[in-house]
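Trainee: Could you take a close look at one part of this model for me? I'd like to hear about the nonpolar packing, and then about any odd backbone angles.

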Amino acid sequence: MKRFFALLLAALMVLSLTACAASSNAAASTDTEAEVLSPEAAAEQAAEETKDTTSLSDIIRVPFGYLLDWLYVFSNNYGVALILFSLIVKLVLLPMSIKSKKSMLKMSRLAPLARSIEAKYGDDRQKAQMAVQQMYKEEGVSMGGGCLWSFIPILILFPLYYVIREPITYMLHNSRSVSAAIVAFIRANGVDLGKNTYYSQLAAAGHLGEFAEAIKSVAVMAGAKLQDIDFSFLGVDLAAIPSFRFWQCEGWGEIGLFLIPVMSGALQMLSMFVSQKMNNQVATNADGEVDKNAAQVTNQTNASMMIMMPLMSLWIGFSMPAAISIYWIAQAVFGTVQDVILTKHYRKVYDAEDAERQEKAALRRAEEAEKERQRQLRREQNPDGILADNVSKKKLRQQEKEA
């Protein structure tokens, strides 16, 4: 199930970036025509060519834009605003995360029983799978529930990506036509906004304070909401896209930019490793003892996710502005802390259950040992193997006759 969702998200990301490239090429041709125009004319042309449409996804993007704007004003730091945004997302999704963690722990706990069912049916995998599903159903565990909620933070990446990519539209709350006019005006003034015009709003947002008065003087942008946004965080420009060519990095700005996606992938792997290790601790057998074999089988099942998710984090980090990776890093850190706290909470309940199971198992073993001791005592008292309580009346009469 986890593998399916990961592949689905990867496919959606590829389609999204393909659309980005197409839009970038279209915008590049428009910008080439606008280069011969004056800044005022370029702004007016861009405003006329851009429609003020509202998409269904704006239902999520617009509130995200207001929240990120408020957090930026509150913290006066774009990186801190993204970290706080990630924390708020974690808190909002906490009830669903609790439900997801509970389901995942329950599945890990039932892993030994599922393994015994699979061993019972042998090579008949279809019957074994049906029996395991029935067992999960009876225990009230959803096979997809545990991993489904864990992908919600990834789904939030898509609207957040647009909010980060278009800060003039979403953070400053300007219409699309006004945003396009501002970008065209700044570019026509000779400012290099980069070759990838898909991120031109990000580049232009850092120059709003410089051209504020000139922008306000143009009719189409007279009512524009302007605020100079500083994208620097710990000496790194979060509006820039990291390059994987680390051997070409010069200075801390470029080195730090390269390290952000690497840290994102490493923390993603650490988060999954901690979660897997803590989940294995609740995989106990009927006697309340940790079943290492069942945990090992579960680890092998999740091995592909341990590789896929960090690689996806690296790919996202080196394909998009560094701000996305800052959000992803914060999600990994907060997720790990949340995972440890929730697991410790539920471990108290499971430890009590395991203690009860171990006590019952100890009593059962003591009873079996006592029975075996009594059998051994009878064998010593009656070496011929004839036990009084097992001798029939007919045999007793025969023994008396022989005596």
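Mentor: Quick bit of vocabulary before we dig in: contact here means heavy atoms within 4.5 Å. Also keep in mind that this is a predicted model.

Let's start with M221. Skipping the neighbours within four places in sequence, M221 is in contact with A43, A181, I182, F185, I215 and K216. M221 also shows up in the largest nonpolar core, a set of 64 residues, where Y78, I182, I186, M221 and L238 touch the most other members. So I182 is worth a second glance, because a nonpolar core is joined through side-chain atoms within 4.5 Å, and I182 is listed both among the contacts of M221 and among those core residues that touch the most other members. As for who supplies this core, helix α9 (residues 152-165) gives the largest share, with 9 residues. There's a second, separate core too: it has 7 residues, including A114, I117, V132 and Y136.

Now the backbone. H173 sits in the loop between α10 (167-170) and α11 (176-188), and its phi is near 65°, a positive value in a residue other than glycine. H173 counts as partly exposed because its relative accessibility is 21%, and buried would need under 20%.

L234 is another one with a positive phi despite not being glycine, near 55° this time. You'll find L234 in the loop between β1 (232-233) and β2 (236-237). With 66% relative accessibility, L234 counts as exposed, the cut-off for that being over 50%.

Methods:
Residues numbered from 1 in each chain as written. Predicted model: local features only at pLDDT ≥ 70, side-chain atom pairs only at ≥ 80, totals over all residues. Heavy atoms only, no water. Buried < 20%, exposed > 50% of the residue type's maximum accessible area, 1.4 Å probe, protein only. Helix = DSSP H or I, 4+ residues; strand = E, 2+ residues; numbered from the N terminus.
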